[in-house]
Amino acid sequence: MRRLRGSTLSGTAAAGCLLLLTACGHGPAPAAEDAAAPTPVRAAQAPALLPVPHGEGSKVPDDFNGDGHRDLVLDDLVKAESHADDAGIGIVYGSARGLVPGARQLLTPKKHAAPVDGQSPAVFEAEASCDLDGDGFTDLVVTTDPPYDGQGRPPVPLQLLFGSPSGPTGRAVLLTVPDRARFGNDWPERPVCGDFDGDGAQDLVVHASGGRLSYLHGPFTREGAPRKAGAPIPSPGEAPTGPAADVNRDGYDDLVVRTSAGPGKAAVVLGGPDGPARTGATLPTGVDIALGVFGRGKALDAAVGTPDGIAMRYDLPTAAGGTSPASSSGGGTLDVPGTTLDAADFDGDGLSDLVTSGSGVRVHPGRANGPTTRGTVTVRPTATGTTQVLTAGDFDGDGLADLVVRTYRGDTEDSVEVHRGTAKGLVTERAAVTFSTSQFLTP
């Protein structure tokens with residue numbers, strides 16, 4: 001899973017560590033790379049546009065066309081000029097051999113957003129992804145900027161783009177958050193997908209206000225309505241954060257909720273038959289959080305990025321007495337730079353490797369006693385500029401996580417690289433796939 005706008009819990013922390021799903025079937029091979037081509041690729045040099053492969057539905061995460069291969073969502077695209085409007089949201093589709101830059105799709109507010117009061121939104125940004133209607137095609141939750149005069153309760157800014165055999169080709173629908181599920185006059189935002197009540201359908205949790213969350217039970221209709229929604233539920237913080245994960249492995253997805261949207265304390269909120277209604281382990285103040293299998297205990301572990309290093313919390317427990325916050329069972333500090341965190345199993349040993357970024361991208365191998373600085377490798381992209389981790393996940397269907405990074409220089413130049421996982425660890429010297437998001441500027 002990728003890091004979407006507004007998300008502070010690493011995009012691959014849970015899915016990459018727990019449920020790396022092996023892709024199946026066949027698709028077009030990735031376009032051959034021109035080793036002599038400059039980086040970043042200019043729009044005129046973009047791979048030829050290929051048709052989106054049609055699928056029949058799957059349970060692979062981020063599989064918008066349902067062909068059994070993971071796809072990549074890109075929320076920050078190169079612009080033709082620095083002051084040009086946001087191009088939209090890009091999707092690069094996967095195949096049996098990994099991402100195919102030519103098989104791509106551009107989602108724009110003009111063509112794909114639902115107008116509100118006759119106005120198309122100017123903001124159109126990816127927030128979360130999951131199969132909300134249970135048809136085997138991943139759906140995309142986007143945030144927009146509907147008209148609002150500042151009086152009373154604001155409208156819901158979230159819209160749903162439903163996947164299909166051709167991907168999310170239709171126009172989005174407005175997400176319905178019933179009045180009974182709202183509290184206060186805050187914008188309903190920060191959506192997190194997960195099966196919080198264990199019924200097999202994907203639900204949504206969104207921010208309400210005043211220490212409450214709106215809990216929307218799935219599956220959702222094609223009109224954007226949840227199956228049901230009750231009164232807002234109490235929460236230990238204001239900022240629900242994804243992706244969800246079954247932290248205590250009881251069959252219900254859990255999520256992290258921050259005290260506020262910025263750096264600060266956080267707590268695990270545990271799912272159950274009534275949804276995410278119990279507060280579990282509390283986490284120390286930090287900038288970013290990654291959940292993973294870091295080598296201790298039966299529950300998931302947490303890595304918290306702080307200015308002083310990575311605070312580790314192992315074997316996150318359930319709530320004490322069912323309702324009271326509990327501290328984690330043990331921890332320590334990993335003295336490494338980088339406050340932005342991701343976690344995934346790149347070598348298939350069942351343990352999460354910890355990725356730190358912010359001052360260079362480094363991968364710290366997972367060991368039985370937690371991540372270690374011994375054997376740390378650095379990802380050095382071909383392009384020069386500022387590098388960020390987009391996501392980690394199994395993009396080639398071999399059961400091992402791959403790492404996707406983007407290097408950019410301003411608003412008009414960038415390069416995206418996919419580094420593959422192997423039994424010996426992540427391949428950092430050479431990218432398996434390289435392209436520029438400028439390819440979305442071509443028709």
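**Exercise 1. The disulfide**

Is Cys130 buried or exposed? Work this out on the predicted model, then describe the bond that Cys130 forms and the parts of the chain that the bond ties together.

*Solution.*
- Step 1: Start with accessibility. Cys130 has a relative accessible area of 7%, and the cut-off for buried is under 20%, so Cys130 is buried.
- Step 2: Look for the partner. The sulfur atoms of Cys130 and Cys193 are 2.2 Å apart, and the two residues form a disulfide. The count for the structure comes to 1 disulfide.
- Step 3: Place both ends. Cys130 belongs to strand 4 (residues 125-130) and Cys193 to strand 8 (residues 192-194), so the bond ties together parts that are 63 residues apart in sequence.
- Step 4: Check the other cysteine. With a relative accessible area of 12%, Cys193 is buried.
- Step 5: Find the handedness. The torsion about the S-S bond is about -65°, so this disulfide is left-handed.

**Exercise 2. Aromatic pairs and charges over rings**

Classify the aromatic pairs by their geometry, then find arginines that sit over a ring.

*Solution.*
- Step 1: Count the pairs. The structure holds 2 aromatic pairs.
- Step 2: Take Tyr148 and Trp187. Their ring centres are 5.2 Å apart and their planes stand at 80°; angles over 60 degrees count as edge-to-face, so this pair is edge-to-face.
- Step 3: Locate these two rings. Tyr148 is in the loop between strand 5 (139-143) and strand 6 (158-161), while Trp187 is in the loop between strand 7 (173-174) and strand 8, 39 residues apart. Tyr148 is partly exposed at 32% relative accessibility, and Trp187 is partly exposed at 29%.
- Step 4: Turn to Phe196 and Tyr215. This pair is edge-to-face, with 6.3 Å from centre to centre and 80° between the planes. Phe196 lies in the loop between strand 8 and strand 9 (203-207) and Tyr215 in strand 10 (residues 212-217), so parts 19 residues apart in sequence are tied together. Phe196 is buried at 0% relative accessibility, and Tyr215 is buried at 4%.
- Step 5: Add the charges. Arg212 lies over the face of Phe183, 4.0 Å from the ring centre. The charged end of Arg70 sits over the ring of Phe395, 5.6 Å from its centre.

**Exercise 3. Strand 18 and its neighbours**

Which strands are joined to strand 18 by bridges, and how many of its residues are buried?

*Solution.*
- Step 1: Find one neighbour. Strand 17 (residues 288-292) runs antiparallel to strand 18 and is joined to it by 5 bridges; Ala290 has Ala303 as its bridge partner.
- Step 2: Find another. Strand 19 (residues 309-314) is also antiparallel to strand 18, with 5 bridges, and Gly305 stands opposite Ile310. A hairpin of 2 residues joins strand 18 to strand 19.
- Step 3: Count the covered residues. In strand 18 (residues 301-306), 6 of 6 residues are buried.
- Step 4: Sort them by face. In a regular strand, side chains alternate between the two faces of the sheet. Here Asp301, Ala303 and Gly305 are buried on one side, and Ala302, Val304 and Thr306 on the other.

**Exercise 4. An open sheet**

Give the strand order of the open sheet of 4 strands and name its edges.

*Solution.*
- Step 1: Read the order. The strands follow 26-27-28-31, with antiparallel pairing.
- Step 2: Name the edges. Strand 26 (386-393) and strand 31 (433-435) each pair on one side only.
- Step 3: Note the twist, which averages 15° from one strand to the next.
- Step 4: Inspect an inner pairing. Strand 27 (residues 402-409) and strand 28 (residues 413-419) are antiparallel over 7 bridges, with Leu403 partnered by His419 in strand 28.

Note on methods: Residues are numbered from 1 along each chain as its sequence is written. This is a predicted model: local features need pLDDT of at least 70, side-chain atom pairs count only at pLDDT 80 or more; totals for chains, interfaces and linings use all residues. Side-chain values use heavy atoms; hydrogens and water are left out. Two strands pair if DSSP finds at least two bridges between them. Axes are lines fitted to C-alpha atoms, for helices over the stretch in contact, and angles run from 0 to 180 degrees between N-to-C directions. A disulfide is a pair of cysteine sulfur atoms within 2.5 Å. Buried means under 20% relative accessible area, exposed over 50%, partly exposed in between (1.4 Å probe, protein chains only). Rings of Phe, Tyr and Trp (its six-membered ring) pair if their centres lie within 6.5 Å; planes under 30 degrees apart count as stacked, over 60 as edge-to-face and the rest as tilted. A charge sits over a ring if NZ of Lys or CZ of Arg is within 6 Å of the ring centre and within 35 degrees of the ring normal.
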